[in-house]
Amino acid sequence: MKLVLPSSALLLSVLFGGAALAQQLDYGRYEEIFGEPVTISATGRPERLSNTPVIMDVITAEDIGRSGARDVPTLLRRLPGIDLFHASQGTEELSMGGYVQPFGSRYMVLLNGRQVYFDGFGETFWASLPVELEEIRQIEVVRGPQSALYGFNAVDGVINIVTFDPVDDKVNAARLRLGNHARRDVAATTTQSLGDGAGVRLTVADDHAHDGGMVVQTPANLQYLKDPDRRSLAGDFGVTLGDGSRLGLEASHTDIGQRGIAYNVFYDARIKTDSVKGSYTAETPIGQLNGTAYYTLVNMPWVNAQPFTPTNVNDHTIVAQVSDLFKIGGADSFRLGVEARHLLIAAGNLNDGAESGDLAAGSTMWQHDFSPQLSMVNALRYDYFKLGRTGGKVSLADRTNPDIYTNADFDRSLTGYSVNSALVDKLGDDDSLRLTLARGLKLPSLTNLGSVQRYVPVIPAPMRPGVPSPVFYFYGNPDLLPSAVYDYELGWDHDVRAIEATTRVNVFHEMTMSHIGTPYALINGQFAQVSMMSTGSVADGLRLQLEHKAKEGWSWGGNYTYERLHEHYDWGFHHNEPLHKINANLGYALGPWEFDVYGAYTSATKNFGAVLGPIPAIFVESVKGYGTLAPRIAWHATDNLTLELVGENLWTYQDTIAQRTGPGFYASVKVTY
Amino acid sequence: MLRALAFGTLLVGCLTVSAPCDATSLKDVKVGVRVFDFVTNLPRGKTNLGIIYDPQRRDSADDAQSILNWFASGAVDNRMGLVPELVDVRRLSEVPGLRAAILADGNEPYFDVIFDYARKNGTLTISSDLACVRDGKCSVGVSSQPRVEVIVSQKASVSCGIQYSEAFRMMVTEY
């Protein structure tokens with residue numbers, strides 16, 4: 001069997017995201033009118049959830065309140081088609097539509113339109129999100145490639161977390177959570193009115209638990225144990241100006257420490273993230289103009305990874321976006337957008353310089369309503385990306401052993417276009433049919449493109465005269481190209497009035513035209529990851545959902561996902577992807593009491609990993625199918641006081657070969673005012 | 001038995017005589033009032049809201065009174081500061097400068113009169129009678145059953161000088 005590790009694994013990878021929509025929609029007021037969630041994430045055009053032409057799920061604030069979940073990944077895994085696996089006690093990795101892999105996610109994560117997907121590792125560090133569940137209005141999950149709206153990398157979907165509006169929504173809450181594993185989470189949120197049409201929300205949080213669950217507890221591994229800690233401070237300010245335009249400012253800081261794992265190789269890291277964002281929305285004679293700019297600095301003072309000596313990473317992202325949303329006549333809506341983005345990563349001793357990426361993109365969306373029942377949307381985006389490197393070697397004579405490139409090799413550009421098309425037919429009051437076609441682009445990460453050029457001696461001195469010392473190779477490649485992903489989805493929604501339930505059926509066929517990675521993980525007996533283009537894969541799947549929600553009485557729901565991957569070359573993805581996943585929930589609300597239980601089943605998979613040492617090795621190991629159960633009891637003692645008891649993972653299971661996930665129990669007290 | 005018979009008769013009446021059963025519902029009014037949030041050229045702050053009705057028709061008068069009562073009781077979230085008042089459609093031309101109006105049930109014969117008034121005064125007219133909007137006589141129509149629908153007449157809105165936010169235009173059906 002051939003085994004291939006994606007080159008993003010184990011490496012500090014830099015993936016940059018595409019356009020992120022500003023939150024220019026007055027969610028609360030539209031929801032009041034239409035009595036259902038509204039969104040702008042699907043097409044860039046405001047629309048009701050039931051009208052959106054894309055395949056999309058929304059987790060509402062009410063869902064979150066009944067979930068018992070402590071974090072966003074736990075909420076997401078209860079949706080169909082989303083895989084979750086644990087890298088450590090405090091970290092989670094998600095995948096959408098298959099392709100379960102550490103470091104190399106294929107979906108975009110946004111917080112109020114700002115990319116929180118971390119460029120440095122090609123990863124979303126969920127703990128570093130500066131948001132508490134109490135602040136979240138809804139989490140929008142869009143399926144399939146969305147590059148025509150969000151740019152490179154949103155090839156499996158987009159997760160947009162939308163918080164409450166600091167002007168219109170008063171979120172005032174304090175919460176204490178205590179549990180086993182020495183869990184101690186505290187958070188407080190306050191919203192203050194600053195006069196007519198202005199408000200600010202401030203949130204502070206401090207979470208702590210003990211690390212554990214490491215399967216192979218060798219002394220070498222145990223030194224990477226690290227208690228997951230998290231501190232977060234965030235502010236969100238908004239004001240409606242005299243002319244009706246809206247100005248928003250957000251700032252946040254998070255500081256987390258965590259252990260992680262990729263392919264059985266451990267690292268621990270401290271990750272500090274700072275971000276500021278400004279947005280402006282105005283009604284003008286040419287439509288609704290939106291401008292957004294943000295800057296994110298991810299500073300990792302240390303990354304202590306088994307393959308490397310400790311290093312540090314600084315990752316800068318600056319984004320500016322302008323869009324115009326307008327309607328011509330009664331049936332045609334348009335969105336025009338431009339985006340500029342600058343990325344810079346300096347990865348300590350992992351390379352010889354600072355690698356940069358400059359992006360310019362233009363996009364357009366057109367929606368035509370043939371009738372109130374039948375609509376079509378088309379979107380197109382063109383990206384130009386300029387790669388660069390400074391501070392590295394300028395001539396071949398200067399190059400050090402690990403660096404096989406000069407700065408001139410990075411002087412190149414990449415271009416590509418993305419397309420989304422969709423047709424939605426509302427067959428009646430109870431049925432709607434959706435057909436979507438998409439072409440998304442996955443850009444090689446900056447790590448893939450060469451921000452890491454590393455040649456790591458395992459044993460500093462030669463083992464014996466004339467025999468080279470064992471090494472690990474990590475070589476990027478500035479000559480890589482974007483990979484296209486084609487996706488076709490068909491969805492049918494049906495309201496079953498007799499039982500007040502909604503059912504959804506979706507089927508999809510996705511083709512990834514190429515992957516980036518190392519054919520064979522071992523080169524000449526040495527562990528090596530050299531970025532190069534390789535053959536692609538095909539994923540097919542089916543998602544079924546049935547759901548009944550009620551504030552009083554019984555609530556219930558469930559979903560089933562079948563996904564199958566076929567690889568043109570053995571990348572190992574098909575090992576990691578569970579064929580079957582089932583989620584189910586049952587709840588009952590009676591006055592101030594709520595009882596809920598959430599269950600999940602995931603079929604067996606296989607993981608592959610690397611064994612480091614003088615003679616590196618790759619292995620494949622089975623991971624048994626498993627079920628989990630998470631019960632919850634809540635008592636709303638008063639309108640302002642809620643007590644909650646929650647169990648999670650009632651029996652121990654493994655979703656990776658390296659980490660065991662044990663039962664968790666906690667009690668929480670929440671005060672609102 | 002008599003009570004059941006009376007109830008049955010009323011039910012049959014509701015099913016066969018459309019007018020009383022087409023009465024504006026509280027939810028229709030709640031939806032209609034929220035539309036004001038997305039009109040960009042109406043004055044902010046206290047604004048008179050005419051509840052237009054035909055006093056010659058009992059169903060119309062009852063409908064208008066219900067709407068007024070919902071405002072008075074706080075059932076309708078009136079954060080916009082609307083000041084509701086009953087307006088006799090037959091004396092509409094005597095009412096100075098109404099910028100916003102809700103049409104109670106039973107105004108069908110006066111759609112042209114109302115439209116002329118709205119055009120002259122720049123009045124936003126909201127009705128739960130969608131035919132008024134489809135005919136281009138009312139600016140906004142609302143329907144809350146089986147699901148909320150908001151429709152906008154471009155013709156009526158342009159004639160009355162009513163402008164909406166672009167986002168709102170994309171969320172509704174325009175004729």
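Let's call a residue buried when its relative accessible area is under 20%, exposed when over 50%, and partly exposed in between (1.4 Å probe, protein chains only). This is a predicted model, with local features needing pLDDT of at least 70 and side-chain atom pairs counting only at pLDDT 80 or more, while totals for chains, interfaces and linings use all residues. Residues are numbered from 1 along each chain as its sequence is written, chains are lettered from A, and side-chain values use heavy atoms, leaving out hydrogens and water.

**Exercise 1.** Work out what share of chain A is buried, then place A:Thr39.

*Solution.* Start with the whole chain: 61% of the 673 residues of chain A are buried. Now zoom in: A:Thr39 has a relative accessible area of 1%, so it counts as buried.

**Exercise 2.** Find the polar partners of the A:Thr39 side chain.

*Solution.* Look for N or O atom pairs within 3.5 Å, one able to donate a hydrogen and the other to accept it (residues adjacent in sequence count only if both atoms are side-chain atoms). The A:Thr39 side chain reaches the backbone nitrogen of A:Ser41 at 3.0 Å. Next, the side chain of A:Glu140 makes a polar contact with that of A:Thr39 at 3.1 Å.

**Exercise 3.** Count the salt bridges between chain A and chain B, and pick out one.

*Solution.* The test is a side-chain nitrogen of Lys or Arg within 4 Å of a carboxyl oxygen of Asp or Glu. Across the interface, the rule gives 5 salt bridges. One pairs A:Arg29 with B:Asp37, with the closest N and O atoms 3.6 Å apart. Polar contacts there come to 13 residue pairs, both at pLDDT 80 or more.
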